[in-house]
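Okay, thanks for squeezing me in before coffee. I'd like to walk you through one fold today, so have a look at the screen.

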Amino acid sequence: MKKLRLFLVLLCVFIMCFGTVYPAFAAGADIKLENHPNSLHVDLMSALMQRQSTRSGFTSQKIPVSDLSTILWAANGINRKNNQRTAPTALGKYFIDIYVAANEGVYKYNPAGNLLKWVSASNIKTNIGTQPDIGTASHVLIFVADLRVLPPVMERAAKLDMANGTAGTIAENVYLTAAALKLGTRLVASIKENNIREALQLNKDEVPLYIMPLGYSK
Ligand SMILES: Cc1cc2nc3c(=O)[nH]c(=O)nc-3n(C[C@H](O)[C@H](O)[C@H](O)COP(=O)(O)O)c2cc1C
């Protein structure tokens, strides 16, 4: 009985010390995201009035996992039966992958599991866009089109048109949710494609399209 009590006390201490931070810092570990809230208590018109691209730079302050979870769900999370998503998509096929670059590494958003799958331990934020403010943002979303998901008969150029249109709808979801959460963001086409390809070990049919730094605006 004494041993059990000691074990429980030690377990509580361990959870209090490491329970909330451990998932975000363990190299090689996936991060379980939080469930999205049913309301942000900001109406759509207010979010539209606040929506803008951050031009003043980003502070280095990290955004909470709850906000990151909400933004990813709004971006392209599952909102209906049959795993259908918050953003519309060309041909009804889900082929835009969202990677998340953080200080502690790179992750891939998995909407069905509501988690971030660990990809690499590298901090690539400073190395993937041409504009220097991107590197200081809390997180950087990377939109990658997986053209292999689209019908093989389609021309590559047509697939890329569909990919850009679909990524645009995802981006607007991010913009509006960031506005509602009082976070800054910007859609950025000026990317270092080869660096992203190398860091994410992409196949030739996985095409980096845009990045979106995310954080607190200066
Ligand atoms: C397809 C697309 C690509 C963009 N690429 C960049 C970019 O590479 N760098 C950048 O600073 N802003 C980029 N932007 C953001 C625009 O510059 C911005 O939306 C525009 O200046 C209007 O400002 P606002 O978003 O604050 O209304 C891009 C926007 C879109 C829609």
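So, Ala-101 has Val-106 in E3 as its bridge partner. Keep in mind as we go that this is a predicted model. One residue back, Val-100 has Tyr-107 in E3 as its bridge partner. Those pairs belong to the contact between E2 and E3, which is antiparallel and runs over 4 bridges. The two strands make a hairpin, with 2 residues between them.

Keep going along the chain and you get another hairpin, this time E3 with E4, with 4 residues between the strands. Asn-114, in that hairpin, takes a positive phi near 50°. The strands E3 and E4 (residues 115-120) run antiparallel and are joined by 5 bridges. One of the pairs there is Asn-110 with Leu-115 in E4.

Now the other side of E2. How many bridges does E2 make with E5? There are 6, again in the antiparallel sense. Ile-98, for example, has Phe-143 in E5 as its bridge partner. And E2 is largely enclosed by the rest of the structure, because 6 of its 7 residues are buried.

Moving on across the sheet, E5 (residues 139-146) is joined to E7 (residues 206-215) by 8 bridges, and those two run antiparallel as well. His-139 pairs with Leu-214 in E7.

Let's put the whole sheet together. It's an open sheet of 7 strands, in the order E1-E4-E3-E2-E5-E7-E6, and the pairing is antiparallel. Which strands sit at the edges? Those are E1 (31-32) and E6 (184-185), each pairing on one side only.

What about the helices packed on that sheet? H4 (residues 65-76) touches E2 (96-102), E3 (105-110), E5 and E7, and its direction makes about 160° with that of E2. H5 (residues 156-180) packs on the sheet too, touching E2, E5, E6 and E7, and its direction makes about 10° with that of E7.

Then there's H6 (residues 193-200), where Ile-196, Ala-199 and Leu-200 are buried. Why do they end up on the same side of H6? They cover an arc of only 85° around the axis, so that puts them together on one side of H6. If you want the general rule, an α-helix has 3.6 residues a turn, so residues three or four places apart point the same way. Flip to the other side of H6 and you find Asn-194 and Glu-198, which are exposed. As for what covers the buried residues of H6, that includes E2, E3, E4, E5 and E7. Just after H6, Gln-201 takes a positive phi of about 55°.

Last stop, the ligand. Which residues are around the ligand? You've got Gln-52, Ser-53 and Gln-131, and then Arg-186, Leu-187, Val-188, Ala-189 and Ser-190. By type, that shell divides into 3 nonpolar, 4 polar and 1 charged.

If you take one picture back to the bench, make it the open sheet of 7 strands, with H4 and H5 packed on it. Okay, that's me done, over to you.

Technical notes. Residues are numbered from 1 along each chain as its sequence is written. This is a predicted model: local features need pLDDT of at least 70, side-chain atom pairs count only at pLDDT 80 or more; totals for chains, interfaces and linings use all residues. Two strands pair if DSSP finds at least two bridges between them. Two residues are in contact if their C-beta atoms, placed from the backbone, lie within 7 Å. Axes are lines fitted to C-alpha atoms, for helices over the stretch in contact, and angles run from 0 to 180 degrees between N-to-C directions. A residue is near a molecule or strand if its C-beta atom, placed from the backbone, lies within 6 Å of it. Ala, Val, Leu, Ile, Met, Phe, Trp, Tyr, Cys and Pro count as nonpolar, Asp, Glu, Lys and Arg as charged, and the others, Gly among them, as polar. A residue is buried if 20 or more other C-beta atoms lie within 10 Å of its own, exposed if 12 or fewer, and partly exposed in between; C-beta atoms are placed from the backbone. The arc is that of the directions from the helix axis to the C-beta atoms.
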